[in-house]
Every structure is written in structure tokens, then in C-alpha cells.
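Here are some short exercises to work through with the structure beside you. Try each task on your own before reading the solution.

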Amino acid sequence: MGDKNKAIQFFKKFYDETPGIYSIQWIDEKGINRFGYPKENSLADYDYSAGREAHDKDILRIVTAQQPVSSYEDRLFEGGTGIFTFRPVFLKKKYLGYGVHYPA
């Protein structure tokens with residue numbers, strides 16, 4: 001829980017310092033969107049491997065590749081279109097998942 005709180009604080013700082021961000025999300029190495037900031041604009045415990053949405057397989061491909069994706073355009077759950085930026089996160093050499101943000 002302490003790591004989550006630290007991550008949320010980091011997300012909040014990034015969000016506050018970066019105009020135009022709608023949300024910052026954490027997708028773990030298994031393809032589960034664990035949490036994000038701000039909470040009301042974020043998914044919590046959404047499992048992309050469940051395949052509930054057409055784009056879920058695309059997200060899983062990105063997570064599996066472990067490479068930066070500067071832009072990925074897709075429909076938002078809330079409606080409309082978003083341009084997502086994916087950045088893999090490593091602790092030393094251990095892959096932890098992706099930090100994702102998209103503009104408002």
C-alpha cells in the first residue's frame with residue numbers, strides 16, 4: 001500500500017505540473033490497470049486480458065512489448081478519442097508495467 005501511495009503522489013505531481021493531462025494510469029506487467037490519478041478519471045483493477053473491449057488486445061500487445069509508445073489513439077471509455085502515451089517502468093532490470101497518460 002505504501003508503494004501505491006508513493007505512486008499516487010508522483011502521479012499527482014506530474015498531473016499538477018503538466019497542463020492538459022486527463023489522467024495518469026498504472027498498468028502492471030500482467031496487463032491490469034491498477035489505479036490512476038485523478039481517481040475519478042482513472043480505471044481501477046481493469047484487466048485487459050478479459051477482452052471486454054475491442055482495444056484490450058492492443059493494450060496487451062503494448063504491455064508485452066515493454067517498449068515506449070509515444071502515441072496510441074483510441075476511443076475512451078467515457079466517450080470521444082484519446083491519445084495515450086505509454087512508458088515502460090523498470091526497477092533495475094525487473095519489468096513492472098507501464099505508466100500511461102493521456103491529454104484532456
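**Exercise 1. Does the overall size fit a compact globule?**

Task: Compare the radius of gyration of the chain with what a compact globule of 104 residues would have.

Solution: Keep in mind that this is a predicted model.
- Step 1. For 104 residues, a compact globule would have a radius of gyration near 13 Å.
- Step 2. The chain has 13 Å, so the value agrees with that of a compact globule.
- Step 3. For another view of the size, take the box along the principal axes: the C-alpha atoms fill roughly 30 × 30 × 25 Å.
- Step 4. Now look at burial and contacts. Buried residues are 39% of the 104 in the chain. Among contacts with a separation of 6 or more, 36% are between residues 24 or more positions apart.

**Exercise 2. Reading the order of elements**

Task: Work out how many helices and strands the chain has, and in what order the elements run from the N terminus.

Solution:
- Step 1. Count the elements: there are two helices and six strands.
- Step 2. Walk along from the N terminus, and the order reads α-β-β-β-α-β-β-β.
- Step 3. Place some residues on this map. S23 belongs to strand β1, residues 21-28, and F90 belongs to strand β5, residues 81-91. Q66 sits in the loop that links α2 (56-65) to β4 (69-75).

**Exercise 3. Surface and charge**

Task: Find what share of the exposed area carbon and sulfur atoms supply, and how far apart the centres of the positive and negative side chains lie.

Solution:
- Step 1. About 6,500 Å² of the chain is exposed, and carbon and sulfur atoms supply 55% of that area.
- Step 2. There are 15 positive and 14 negative side chains.
- Step 3. The centres of these two sets are 7 Å apart.

**Exercise 4. Two serines and their polar contacts**

Task: Decide whether S23 is buried or exposed, and then trace the polar contacts of S42.

Solution:
- Step 1. S23 has a relative accessible area of 0%; buried means under 20%, so S23 is buried.
- Step 2. The side chain of S23 reaches the backbone oxygen of N41 at 3.2 Å. A polar contact of 3.2 Å also links the side chains of S23 and S42.
- Step 3. Move on to S42, in the loop between β2 and β3. Its relative accessibility is 18%, so S42 counts as buried too.
- Step 4. The S42 side chain reaches the backbone nitrogen of Y37 at 3.2 Å and the backbone oxygen of P38 at 2.6 Å.
- Step 5. Leaving out residues up to four places away in sequence, S42 touches S23, I24, Q25, G36 and Y37.
- Step 6. Look once more at Y37 and P38: a cis peptide bond joins them, with omega about -10°. P38 lies in the loop between β2 (32-37) and β3 (46-47).

**Exercise 5. Positive phi angles**

Task: Find the phi values of Q66 and K92, and say how exposed each residue is.

Solution:
- Step 1. Q66 is not a glycine, yet its phi is positive, about 60°. K92 is likewise a residue other than glycine, with a positive phi near 60°.
- Step 2. Q66 has 30% relative accessibility, so it counts as partly exposed.
- Step 3. K92, in the loop between β5 and β6 (94-103), has a relative accessible area of 82%. Exposed means over 50%, so K92 is exposed.
- Step 4. Q66 also has a partner in F90: leaving aside neighbours within four places in sequence, F90 is in contact with Q66, Y95 and L96. The C-alpha atoms of F90 and Q66 are 9.4 Å apart, although 24 residues separate them along the chain. F90 is partly exposed at 40% relative accessibility.

**Exercise 6. A serine in a loop**

Task: Describe where S49 lies and which residues it is in contact with.

Solution:
- Step 1. S49 is in the loop between β3 and α2, and at 48% relative accessibility it is partly exposed.
- Step 2. Its side chain makes a polar contact of 2.6 Å with the side chain of D47.
- Step 3. Beyond neighbours within four places in sequence, S49 is in contact with G31 and L60.
- Step 4. For a distance across the chain, take S49 and F10: they are 39 residues apart in sequence, and their C-alpha atoms are separated by 27 Å.

Notes
Residues numbered from 1 in each chain as written. Predicted model: local features only at pLDDT ≥ 70, side-chain atom pairs only at ≥ 80, totals over all residues. Heavy atoms only, no water. Helix = DSSP H or I, 4+ residues; strand = E, 2+ residues; numbered from the N terminus. Rg over C-alpha atoms; globule rule 2.2 N^0.38 Å. Buried < 20%, exposed > 50% of the residue type's maximum accessible area, 1.4 Å probe, protein only. Contact = heavy atoms within 4.5 Å. Areas by Shrake-Rupley, 256 points an atom, 1.4 Å probe, with all protein chains shown as cover. Lys, Arg positive; Asp, Glu negative; His and termini not counted. Charge placed at Lys NZ, Arg CZ, Asp CG, Glu CD. Polar contact = N/O pair within 3.5 Å; in protein donor to acceptor, adjacent residues only side chain to side chain.
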